[in-house]
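Thanks for coming. I have one structure today, and I will go through a few side-chain contacts and then one helix.

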Amino acid sequence: MARQRPRLRRRWLAAFIAAAIAVTAVITVSGLRADVQQTTVARADTSGSEVAVGPLVAFYGDSYTKGSAASSPAARWSSLVAKAEGWTEYNAGYPGLGFVRKRDKVGDVTADVIAQHPEVLIVALGINDNFEWTGNEQAIQEAILPEFQRLRDGLPGTRIIVVEPWWYTAERPASVEQIIGWVHDAADTIGADYISGASHWLDDDPATWISADGLHPSDAGYAHLAQRMLEELDALTPALPGR
């Protein structure tokens, strides 16, 4: 039965993508600090109350994880993945956040994530540091491994999965590959799983997958990211919780 789930998920996501392409509404996300939301997969117990089921999985990232420009939080890639996997989602997406960028404005994000004690942590950071590149190259490089090491030390029993930093246009400044390399090296150093190639996942159809703001995914783009993420998660060994 477990081996049939990826095919079933793909059918469900394919239907979602078709619906998302037809969606024209775009939301505006105001404020810097994201609302940290916990989306709970639930069932009714014998008393009729809802109780959480599925392992707690934290998604830690920037506006792409927050779901900026999506029509609703349910349309963001993290929530689609959590729904497909039957996970309880803790979403720690902070618009504008990088390893260096806006760290002085959002508080101790790392401590917030560690305090949840998730079974799995998926980290997707780095795109925003490209916008702070000039003059900050060394600071960015020196921030990545300590951030990952702090997560590993604070969550010794958590499966940590690091996603290659996102990108969104065919034009790729040299900083993109440099940051990707540093993130990959740091993930390897702490023994995290690493998902490569994510910076190219929106390359093929930007007219459909990028929203009107020219930076964030559309609903169809988030659905596409979720589909690609599920394919990569399928390939991880050992298998993730709930499989």
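Let me start with a question: is F131 buried, partly exposed or exposed? This is a predicted model, so everything I say is computed from it. F131 has a relative accessibility of 37%, and that makes it partly exposed. I begin there because F131 belongs to an aromatic pair with W167, with ring centres 5.9 Å apart and planes at 35°, so the pair is classed as tilted. Stacked would need planes under 30 degrees apart, and edge-to-face over 60. The partner ring is in another setting: W167 is buried, at 5% relative accessibility. In sequence the two are 36 residues apart, F131 in the loop between β6 and α5, and W167 in the loop between β7 (159-163) and α6 (174-189). The pair therefore links distant parts of the chain.

How many aromatic pairs does a search of the whole structure find? The count is nine. There is also an aromatic cluster, made up of F59, Y64, W77, W87, W166 and W201.

Next, the salt bridges. The count is eight, and I will show three of them.

R101 bridges to E132, with 3.0 Å from N to O. R101 is in the loop between β5 (88-93) and α4 (109-114), while E132 is in the loop between β6 (120-124) and α5 (137-154), so this contact ties together parts 31 residues apart in sequence. R101 is buried, at 18% relative accessibility; the cut-off for buried is under 20%. E132 is partly exposed, at 30%.

The second one is D108 with R150, where the closest N and O atoms are 2.8 Å apart. Why does this pair tie together parts 42 residues apart in sequence? Because D108 sits in the loop between β5 and α4, whereas R150 belongs to helix α5. D108 is partly exposed, with a relative accessible area of 37%, and R150 is partly exposed as well, at 36%.

The third is R228 with E231, at 3.5 Å between the closest N and O atoms. Here both residues are in helix α8 (residues 219-234), three residues apart, or about one turn of the helix. R228 comes out at 26% relative accessibility, partly exposed, and E231 at 29%, also partly exposed.

Now the helix, α6. Its 16 residues reach 23 Å from the first C-alpha to the last, close to the 22 Å expected at 1.5 Å a residue.

Which residues of α6 are buried? They are S175, V176, I179, I180, W182, V183, A186 and A187. Looking down the axis of α6, the buried residues fall within an arc of 165°, so they line one face of the helix. A174 and T189 are exposed, on the other side of α6.

What covers that buried face of α6? The cover includes α5, β7 and β8 (193-195). Two of these have come up already: R150 lies in α5, and β7 precedes the loop that holds W167.

One last detail on α6 is what comes after it. The helix is followed by G191, which has a positive phi, near 75°.

That is what I have; I can go back to any of the pairs on the screen.

Conventions: Residues numbered from 1 in each chain as written. Predicted model: local features only at pLDDT ≥ 70, side-chain atom pairs only at ≥ 80, totals over all residues. Heavy atoms only, no water. Salt bridge = Lys/Arg side-chain N within 4 Å of Asp/Glu carboxyl O. Helix = DSSP H or I, 4+ residues; strand = E, 2+ residues; numbered from the N terminus. Buried < 20%, exposed > 50% of the residue type's maximum accessible area, 1.4 Å probe, protein only. Phe/Tyr/Trp six-rings, centres within 6.5 Å; stacked < 30°, edge-to-face > 60°. Expected span 1.5 Å × (residues − 1). Arc of directions from axis to C-beta. Contact = heavy atoms within 4.5 Å.
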